[in-house]
Amino acid sequence: GVGVGVGMNAPPMLPFLNIGTVNSNSNNANKTLTGKRCGDWQSYITAKGKTYYHNASTKSTTWTKPKEWSDEISTSNSTVAMANVVGTQNLNSGTLLEHEQARTTTQTVEKKEIVPTNTLGTSGTEREPTGTEPEPEPSSYVGSTATKELAVVTDTVAKRSFGVTQKSRYKSREERISAFRALLSDKRIDAEWNWKQVLPKIVCDKRYNALTKLDDKKKELIKWQKDEKIRIQNEEREKKQKLKSDFFALLDEFGDKIVRKDYRKAKHYLESDFRFLAVQRQHRREDWFEEWQKTAYKEYKKQRKKLREESLKNFELKLRELKLVKLGVCWSDAWPKIRQELALDEAMVEELTERALSKLYHGVEEELKAEQRRLVEKEKSEKKKKLKLERAQFADLVQELVENSAIHARCRVDDDAVVKLMEHDQRYQCMMKSQPQKMVNIFDEKMEKLRSDLSEDKKLFRQFLKHSAAAAEFSITKDDTLDTVL
């Protein structure tokens, strides 16, 4: 180890401070740790703020920093060491919180000078290290009573370690708060820790003094812990959501195979995938599978229904295009031929069901029957229109003969003279072919109308003869004579 030269003042095994009363004859009462350790070397601090180093293996002590010394301190050693600096371990009379609260009280404490019995001579000067001092043990402080408040002590330690004459490098309060929060983040302070647990972790960092007031530090710690809790919750929520989305993506890949199976039967499809293994809780896997299956099964049913409707629509289209539906042929006789023509396999028939296919067949058959009835009705309507037109044309022919005085009121349609007049006319020929009886009726109606008109004319003529001179001259009394005159 590193030795101590002759004539040099030996570094004492002097503890820093003790709160409470302890036995001054105890060896453990005269030792304390400063919190820095590197390998076998451990640093200590005197009451005047000077640092010396002790090697646990060689039992050597020196004021000079050893060559092996490094500023890097392990987390586990730092925790224990810092706790001893600020008095968080083995407090003899009160806890850390009690001493922090002591700052607000008006109680005065007795001040005593701390003088270790095994490291100072009668003159009160520090003696040289002999190299045979026992290894320091973790302890607390020396003194019969508390001499200062613990908050003041910890701030003093920070000032001794980092200097009190350095000019503050923080220009605003926001920068101070930012530095203190960065310290809490760097030291990985837990969001559930209280001030007593946090203090040993941060007291020896320069950023601890960014905020000068203890109340400000505590308030900022509480704010930071709230923000940290929210951040942790958000991270956990995002992580859970990521696991869930990956798990659902895995289920979607095997959708058709597992959508109608329960979890135990679907598990062997999934258990070899890393996305399945990432969800470690069994009940969570089952809950997520059931949640996915509810939505996926509804979508699966919609897709199957849509595909089935498309298949049935194509089947109906083929029936029409290939004219496989015949009127008067029942489904049982037509089904073998239809199945052969459309090449329907067992799976498709099972999916579409023969009942649905027969329903489509009968639907097409009914449409064909309706179409046939419509054509018949249309043909009848056209025929009626044609016959009506022929009757009207024949009536015009008879009227033309009457107006030309080719026939008289006593003529009949079958008279030779009448037939001879009309036999070369197209209208007469059409009526003779399609509706001869209607032709007779039309001709008779025309002659009846003509006789009715002549009867009115006769009445008028008789009245005329009564009041004229011709009546006296000719003395016509009989109708036949009148008809001859007319």
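User: What makes Arg275 and Asp273 a salt bridge?

Analyst: In this predicted model, the closest N and O atoms of Arg275 and Asp273 are 3.0 Å apart. The cut-off is a Lys or Arg side-chain nitrogen within 4 Å of a carboxyl oxygen of Asp or Glu, so the pair qualifies.

User: And how do you know whether Arg275 and Asp273 are buried or exposed?

Analyst: Buried means under 20% relative accessible area. Arg275 comes to 15%, so Arg275 is buried. Asp273 has 18% and therefore counts as buried too.

User: Which residues are joined into a network by salt bridges that share partners?

Analyst: Those are Arg181, Glu220 and Asp227. By the same 4 Å rule, the structure has 23 salt bridges.

User: Why is the contact of Glu192 with Lys229 called a salt bridge?

Analyst: Happy to check that one! The N to O distance is 3.8 Å, which is within the 4 Å limit, so the pair counts. Glu192 lies in the loop between α4 and α5 and Lys229 in helix α6, 37 residues apart, so the pair links distant parts of the chain.

User: What makes Glu192 exposed, and what is Lys229 called?

Analyst: Exposed requires over 50% relative accessibility, and Glu192 has 58%, so the label fits. Lys229, at 35%, falls between the 20% and 50% limits and is therefore partly exposed.

User: How do you know that Arg207 pairs with Asp186?

Analyst: Their closest N and O atoms are 2.6 Å apart, within 4 Å, so this is a salt bridge. Here too, distant parts of the chain are linked: Arg207 sits in the loop between α5 (195-202) and α6 (214-253), while Asp186 belongs to helix α4 (residues 173-186), 21 residues away. Arg207 has a relative accessible area of 18%, under the 20% limit, so Arg207 is buried.

User: Why does the charged end of Lys217 count as sitting over the ring of Tyr208?

Analyst: The charged end of Lys217 is 3.5 Å from the centre of the Tyr208 ring, and the distance limit is 6 Å. The rule also asks for a position within 35 degrees of the ring normal, and the pair is listed as sitting over the ring, so both conditions are taken as met. Arg285 sits likewise over the ring of Phe276, 4.3 Å from its centre.

User: What makes Tyr44, Tyr52 and Trp63 a cluster?

Analyst: Ring pairs link these residues, and rings pair if their centres lie within 6.5 Å. A search of the whole structure gives 11 aromatic pairs.

User: How do you know that the span of helix α13 agrees with its number of residues?

Analyst: Helix α13 (residues 354-403) has 50 residues, so at 1.5 Å a residue the expected span is 74 Å. Its end C-alpha atoms are 73 Å apart, which agrees. After α13 comes Ser405, with a positive phi near 55°.

User: Which helix gives the most to the largest nonpolar core?

Analyst: That is α13, with six residues. The core has 19 residues, and those with the most contacts inside it include Phe394, Val398, Ile407 and Met447. At least two residues come from each of α13, α14 (416-422), α15 (426-434) and α16 (436-466).

User: What is Met447 in contact with, leaving aside neighbours within four places in sequence?

Analyst: Met447 touches Val398, Val402, Ile407, His408, Ala409 and Cys411. Contact here means heavy atoms within 4.5 Å.

Key
Residues are numbered from 1 along each chain as its sequence is written. This is a predicted model: local features need pLDDT of at least 70, side-chain atom pairs count only at pLDDT 80 or more; totals for chains, interfaces and linings use all residues. Side-chain values use heavy atoms; hydrogens and water are left out. Helices (H or I, at least four residues) and strands (E, at least two) are DSSP runs, numbered from the N terminus. Buried means under 20% relative accessible area, exposed over 50%, partly exposed in between (1.4 Å probe, protein chains only). Rings of Phe, Tyr and Trp (its six-membered ring) pair if their centres lie within 6.5 Å; planes under 30 degrees apart count as stacked, over 60 as edge-to-face and the rest as tilted. The expected span of a helix is 1.5 Å times one less than its number of residues. A nonpolar core is a set of buried Ala, Val, Leu, Ile, Met, Phe, Trp, Tyr and Cys residues joined through side-chain atoms within 4.5 Å.
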